[in-house]
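Trainee: Please take one loop of this model and go through it closely, then show me how it fits into what surrounds it. I would like the reasoning spelled out.

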Amino acid sequence: MTRENELSLFLDTATKNLSLTLTSPRHFYRVDLGDPKKVLERLHLGIEMALSAFSASFADIRSYYALLGPGSNTGIRLGLSVAKTVKGIDPSVRLYGIGTLELLLLAKEGASAVLSDRKGDLYLAQKGGQGFQERKVPKEEIPSLSGSFVVDRCDREALVSLEGKDVHPVDVLDLMVEKKSAFADMSDNPKEYRPHYAFEI
């Protein structure tokens, strides 16, 4: 495969819908696998399906883009481990990462980014005078929230809890591809290519 046809793999294993997109400068192929809790073991099948569409192999994927969290801890670890495993075999591949909420903030100027957790609480992030701020909002405090909110379109819990508010659902995987220039290049620091929660332990 020539340099102009080199492939990039975008892995959304952090949110409510496990999905991936394989892209070249001219084409892309998307695979949606559904609920991460039910289909994590099928991630490799999705990658193989996408590679088959390009008549390509793992060696043709030169860049990996993944979410660092918050989100599904198991899913995040899996997405990052795929990329890091390939990096261990071929040190020349590139690794890119971004926080899930940081990515969502790029979807709409001035809006807050929101993700739900298993308890019905929300992770909320905002950009302000002091930079990026993230906090957890207990479900009993959600009705008092105001402003605009960017939400993963598959995050039903967040969409229901914010019903009646100014909510902007987005496709996270599409946003990853659109905003790929915002990802941090972590290729020279693969040990730092890990979930955000790992830095809190």
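**A loop and its sheet**

Mentor: Start with Asp117, which touches Tyr123 and Lys136 when residues up to four places away in sequence are not counted. Keep in mind throughout that this is a predicted model. Asp117 sits in the loop between β6 (112-116) and β7 (122-128). Is Asp117 buried or exposed? Its relative accessibility is 11%, and the cut-off for buried is under 20%, so Asp117 counts as buried.

Now look at what the side chain of Asp117 does inside the loop. One of its polar atoms lies 2.9 Å from the backbone nitrogen of Lys119. The side chain of Asp117 also reaches the backbone nitrogen of Gly120, at 3.0 Å. Gly120 has a feature of its own: in this hairpin of β6 and β7, with five residues between the strands, Gly120 takes a positive phi near 95°.

Next, follow the two strands that the loop connects. β6 and β7 run antiparallel and are joined by four bridges. Two pairs of residues show how they line up: Ala113 stands opposite Ala125 in β7, and Val114 stands opposite Leu124 in β7. On another side of the pairing, β6 runs parallel to β9, with three bridges between them. There, Val114 has Val151 in β9 as its bridge partner. Val114 is thus a useful residue to find in the structure, with Leu124 opposite it in β7 and Val151 as its partner in β9.

How many residues of β6 are buried? Five of its five are, and the strand is mostly covered. In a regular strand, side chains alternate between the two faces of the sheet. In β6, Ser112, Val114 and Ser116 point one way, while Ala113 and Leu115 point the other way, and all of them are buried.

Move along the chain from β7. A hairpin of two residues leads from β7 to β8. β7 pairs with β8 (residues 131-137) in the antiparallel sense, over seven bridges. At this turn, Gly128 has Gly131 in β8 as its bridge partner. Recall that Lys136 is one of the residues touched by Asp117; by its number, Lys136 falls within β8 (residues 131-137).

These strands belong to one sheet. The sheet is open, has five strands in the order β8-β7-β6-β9-β10, and its pairing is mixed. β8 and β10 stand at the edges with a single partner strand each, so one side of each is left without a neighbour in the sheet. Ignoring direction, neighbouring strands of this sheet are turned by 25° against each other on average. At the β10 end, five bridges join β9 (residues 148-152) to β10, and these two run parallel. Phe149 is paired there with Val167 in β10.

The model has a second sheet, which you can set beside the one just described. It is an open sheet of six strands in the order β3-β2-β1-β4-β5-β11, also with mixed pairing. Its edge strands are β3 (28-34) and β11 (184-185), each pairing on one side only. Within it, β1 (residues 7-12) and β2 (residues 18-23) pair in the antiparallel sense over five bridges, and Leu9 stands opposite Leu22 in β2. Helix α2 (residues 43-53) packs on this sheet and touches β1, β2, β3 and β4 (61-67), its direction making about 160° with that of β3. Helix α3 (residues 73-89) packs on the sheet too, touching β1, β4 and β5 (94-98), and its direction makes about 155° with that of β4.

Leu43, Gly46, Ile47, Ala50 and Leu51 are buried in α2. Seen down the axis of α2, these buried residues fall within an arc of 135°, so they line one face of the helix.

Last, a word on confidence. The mean pLDDT of the protein is 90, and 93% of its residues reach 70 or more. Confidence is highest in β10 (residues 166-170), at a mean of 98, and lowest in helix α1 (residues 36-39), at 69. Where pLDDT is low, the predicted coordinates should not be read in detail.

Definitions and conventions: Residues are numbered from 1 along each chain as its sequence is written. This is a predicted model: local features need pLDDT of at least 70, side-chain atom pairs count only at pLDDT 80 or more; totals for chains, interfaces and linings use all residues. Side-chain values use heavy atoms; hydrogens and water are left out. Two strands pair if DSSP finds at least two bridges between them. Contact means heavy atoms within 4.5 Å. Axes are lines fitted to C-alpha atoms, for helices over the stretch in contact, and angles run from 0 to 180 degrees between N-to-C directions. Buried means under 20% relative accessible area, exposed over 50%, partly exposed in between (1.4 Å probe, protein chains only). A polar contact is a pair of N or O atoms within 3.5 Å; within protein, one must be able to donate a hydrogen and the other to accept it, and residues adjacent in sequence count only if both atoms are side-chain atoms. The arc is that of the directions from the helix axis to the C-beta atoms. pLDDT is the predictor's confidence in each residue, from 0 to 100.
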